[in-house]
Amino acid sequence: MDIPQKLNDKPAIQKLSQLSLGPTITAHDRFRLAPPEEVKLAATAISLNVRLRSSDMPLHMQERALNYTRSLLNDSDSAPKSLPKFNPTHLARALKKEFDTLYGPAWHCVVGTSFGSFVTHSPGGFVYFSIDSLSVLLFKTQVLLVKEPGA
């Protein structure tokens, strides 16, 4: 069917409005039909006051990132006043080291309240979320050894 050229082409607009676009899925249906792992991750995010912004990462790894970040923030909140105040760089370093240890090398982490990014990541190695007032970008790159000529 041709798309109406003018907004006042009433017969064509009526035909478009009568087209069926398939069954309507409500937010409730989407939640009910979601796999149990996704429901668990959503419940975890809600309980930790996390907003998952974008991800290309297995669910168990996303859950680890959210839980570990929250535990680091909670630990810094309960630290004695004599210790230095929380630093986003320390959180980034700890999260990077945790993922390097658990899932292999070449993880990178950016933590802050305002930053832009454009990164290339390995498949299954990217998550971007906000927690409290901080944003966290965690991603993995592939490490290739470079051989010098004649070596």
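Which residues have the most contacts inside the largest nonpolar core? In this predicted model, the residues that hold that position are F99, F129 and L138, and the core to which they belong has 25 residues. At least two residues of this core come from each of α3 (36-47), α4, α5, β2 (107-112), β3 (126-131) and β4 (134-140), and the element that gives the most is α4, with six residues.

The core is set within a protein that has five helices and four strands, which follow one another along the sequence in the pattern α-α-α-β-α-α-β-β-β. The protein has 151 residues, of which 29% count as buried. Among the contacts with a separation of 6 or more, 54% are accounted for by residues that stand 24 or more positions apart.

The packing of two of the helices can be described in some detail. Two packed helices are described by the angle between their axes and the distance between the axes. For helix α4 (residues 59-77) and helix α5 (residues 88-103), the axes come within 11 Å and cross at roughly 145°, and the crossing in which α4 passes α5 is right-handed. On the α4 side, the residues that take part are H60, M61, R64, A65, Y68, T69, L72 and L73, and these meet L91, A94, L95, E98, F99, L102 and Y103 on the α5 side. Sorted by class, the contact of α4 with α5 has 11 nonpolar, two polar and two charged residues.

Individual residues of α4 illustrate how this helix is placed with respect to other parts of the chain. T69, which lies in helix α4, has a relative accessibility of 0% and therefore counts as buried. When its neighbours within four places in sequence are left aside, T69 is in contact with L91, L95, F129, I131 and V136; of these, F129 is also one of the residues with the most contacts inside the largest nonpolar core. E63, whose place is likewise in helix α4, has a relative accessible area of 18%, and because buried means under 20%, E63 is classed as buried. With its neighbours within four places in sequence again left aside, the contacts of E63 are with K40, L41 and T44.

From the strands, L138 offers a further view of the core, since it is named among the residues with the most contacts there. Apart from its neighbours within four places in sequence, L138 is in contact with A65, L95, F99, W107, H108, C109, G125, F126 and V127. Two of these partners, F99 and W107, also belong to a cluster of aromatic rings, in which ring pairs link F99, Y103 and W107.

A search of the whole structure finds four aromatic pairs. In the pair formed by F99 and Y103, the ring centres are 5.0 Å apart and the planes stand at 50°, so the pair is tilted. Both F99 and Y103 lie in helix α5, where they are four residues apart, or about one turn of the helix. The surroundings of the two rings can be set side by side: F99 is buried, with a relative accessible area of 0%, whereas Y103, at 24% relative accessibility, counts as partly exposed.

Two loop residues were examined for their backbone geometry. Most residues other than glycine have a negative phi. Against this background, A106, which is placed in the loop between α5 and β2, has a phi near 80°, a positive value in a residue other than glycine. A106 counts as buried, at 11% relative accessibility. A positive phi is also found at D132, where the value is near 55°, and this residue has its place in the loop between β3 and β4. D132 has a relative accessible area of 45% and is classed as partly exposed.

A106 also has a partner that is remote along the chain, for its C-alpha atom and that of Q142 are separated by 6.5 Å, although the two residues are 36 residues apart in sequence. Q142 is found in the segment after β4 and is exposed, with a relative accessible area of 63%, whereas A106 counts as buried.

Technical notes: Residues numbered from 1 in each chain as written. Predicted model: local features only at pLDDT ≥ 70, side-chain atom pairs only at ≥ 80, totals over all residues. Heavy atoms only, no water. Axes fitted to C-alpha atoms, helices over the stretch in contact; angles between N-to-C directions. Left-handed = near helix turned anticlockwise from the far one by under 90°. Contact = heavy atoms within 4.5 Å. Nonpolar A, V, L, I, M, F, W, Y, C, P; charged D, E, K, R; others polar. Core = buried A, V, L, I, M, F, W, Y, C linked by side-chain atoms within 4.5 Å. Buried < 20%, exposed > 50% of the residue type's maximum accessible area, 1.4 Å probe, protein only. Phe/Tyr/Trp six-rings, centres within 6.5 Å; stacked < 30°, edge-to-face > 60°.
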